[in-house]
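Me: I should like a close look at one part of this predicted model, followed outward into the rest of the complex. Please give the account as one connected description.

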Amino acid sequence: MFYSCYDSLFSLEYDESRNSGNQEIAILENSQALEKFLSDMERRAFRRAQIATGNRDEALDIVQDAMFALVSKYANKSPADWKLLFHRILTRRIIDWHRQSKLRAGFASWFAHDNADAEQADYEDETGLSPEQSWSLGESLQALDVLLRDLPLRQQQVFLLRAWEGLSEKETARAMSCTVGTVKTHYSRARTYLRQRLQET
Amino acid sequence: MHEDQIDQQFVKGIKQELDRSCQQLDAATLSRLNRIRHAALASSVSLMGNWGNVFASAIFSVVLMVVLAFYLVPSDELVPGNPNLTELEAMEILSDEESLDFYQDFEFYQWLSMNEDL
């Protein structure tokens, strides 16, 4: 009797330890997959945010927000879903940042009574160079950044998601929270604009 | 060259430039990205570890509610020291708007009303 009770207790304890072990392994595997995913995405995410904001620190803050949001809300989702979710979060953060900066610029111009300067600041990048100036300096990367930054924000992000990240029209529409038709329009306009500008230069 | 091919080549060229820009990020930016990633992952591990605590807390709360419900819900058993009153009636008296003096003098009021009738 005693031995049977002891055996059942022992087997229960053994099962629990095995279950918790499996759980720990699952958490570890998930964590490793998440680390690999974020490691693969971080540079491109940073560049997307940098192109959108024109500012390194702001871009880093946006990437940080996006990574924390993905990890806190969607870490337990299937790794196959992470890519689209991350792009969606990042796009949302970039659009929010843009809205807030516009609002700040609006307030600044209201108080300073200097609308021209505020509008200029809105479009100015860290280098303060126009696309033509950048090309003439032969800095193709910088010039590309400037050209991309010249695009309206949604066009720019659609272009980057489609052309660079390789998302389909449907996936881009989901990441941008818009319709497939809008994605097609934005992508086409962005391509036309960039080709024209690059041919000019 | 066909227009589509030109377009594809143009997109491919831009993609290559952007990929190249990722490889040319400065050390400070890469270090910051690395720290951000590790901080995010650390928060993920602590969140996953907390699920066990959340589950245990939920079970404890349910057990506590069951125990409290068992002890606090009034039953039809008689109140000790007052064989004419059930627990339910006692609760009714306690939660009523009438003062307790009214219930203490209840027999007197009954007697008074009977005498008035006479």
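The part I have in mind is the loop between α8 (169-176) and α9 of chain A, where A:S177 lies. What phi does A:S177 have, is it buried or exposed, and what do the helices on either side present?

Reply: In this predicted model, A:S177 belongs to the loop that separates α8 (169-176) from α9 in chain A. Its phi is positive, about 55 degrees, although the residue is not a glycine. This positive phi comes just after α8(A). A:S177 counts as exposed because 11 other C-beta atoms lie within 10 Å, and the cut-off for an exposed residue is 12 or fewer.

On the N-terminal side of the loop is α8(A), whose buried residues are A:T172, A:A175 and A:M176. These residues lie on the same side of α8(A), because they cover an arc of only 90 degrees around the axis.

On the other side of the loop, helix α9 of chain A comprises residues 180-200, 21 residues in total. From its first C-alpha to its last it reaches 30 Å, close to the 30 Å expected at 1.5 Å a residue. Buried positions in α9(A) are A:V183, A:H186, A:A190 and A:L194. They occupy an arc of only 70 degrees around the axis, so they fall on the same side of α9(A). The other side of α9(A) carries the exposed residues A:G181, A:T192, A:Q196, A:Q199 and A:E200. Each of the two helices thus has its buried residues on the same side, over an arc of only 90 degrees in α8(A) and of only 70 degrees in α9(A).

The chain around this loop is helical in its secondary structure: chain A has nine helices and zero strands, in the order α-α-α-α-α-α-α-α-α along the sequence. Of its 201 residues, 29% are buried. Among contacts in chain A with a separation of 6 or more, 54% join residues 24 or more positions apart.

In soluble globular proteins, nonpolar side chains tend to be buried together. Here the largest nonpolar core has 44 residues, and those with the most contacts inside it are A:A49, A:V63, A:A66 and A:M67. For A:A66, the contacts beyond four places in sequence are A:A45, A:F86, A:I89, A:L90 and A:R93.

A:E58 offers a further view of chain A, from helix α2 (residues 56-74). It is classed as partly exposed because it has 16 C-beta neighbours inside 10 Å. Leaving aside residues up to four places away in sequence, A:E58 touches A:T53 and A:W97. A:E58 is also twelve residues from A:F46 in sequence, with a C-alpha to C-alpha separation of 9.7 Å.

Confidence should be read alongside these details. Chain A averages a pLDDT of 81, and 72% of its residues score at least 70. Within chain A, helix α7 (residues 153-164) has the highest confidence, at 96, and helix α4 (residues 115-123) the lowest, at a mean of 47. Two stretches of chain A stay under 50: residues 118-125, for which the model has nine contacts beyond four places in sequence, and residues 134-138, for which it has seven such contacts.

The partner, chain B, has five helices and two strands, following the pattern α-α-β-β-α-α-α along the sequence. Buried residues make up 6% of its 118 residues. Chain B averages a pLDDT of 79, with 74% of the residues at 70 or above. Among its elements, α1(B) has the highest mean pLDDT, 89, and strand β1 (residues 78-79) the lowest, 60.

Between the two chains, 23 residues of chain B are in contact with 27 residues of chain A. On the chain B side, the elements that give two or more residues are α1 (3-23) and α2 (27-72). The largest share, twelve residues, comes from α2(B). By residue class, the side of chain B that touches chain A divides into 13 nonpolar, four polar and six charged. For the complex as a whole, the predictor gives an ipTM of 0.71 and a pTM of 0.63.

To return to the part requested, A:S177 is an exposed residue in the loop between α8 and α9 of chain A, with a positive phi of about 55 degrees.

Technical notes: Residues numbered from 1 in each chain as written. Chains lettered and ligands numbered in written order. Predicted model: local features only at pLDDT ≥ 70, side-chain atom pairs only at ≥ 80, totals over all residues. Helix = DSSP H or I, 4+ residues; strand = E, 2+ residues; numbered from the N terminus. Nonpolar A, V, L, I, M, F, W, Y, C, P; charged D, E, K, R; others polar. Core = buried A, V, L, I, M, F, W, Y, C linked by C-beta atoms within 7 Å. Buried ≥ 20, exposed ≤ 12 C-beta atoms within 10 Å, placed from the backbone. Expected span 1.5 Å × (residues − 1). Arc of directions from axis to C-beta. pLDDT = per-residue confidence, 0-100.
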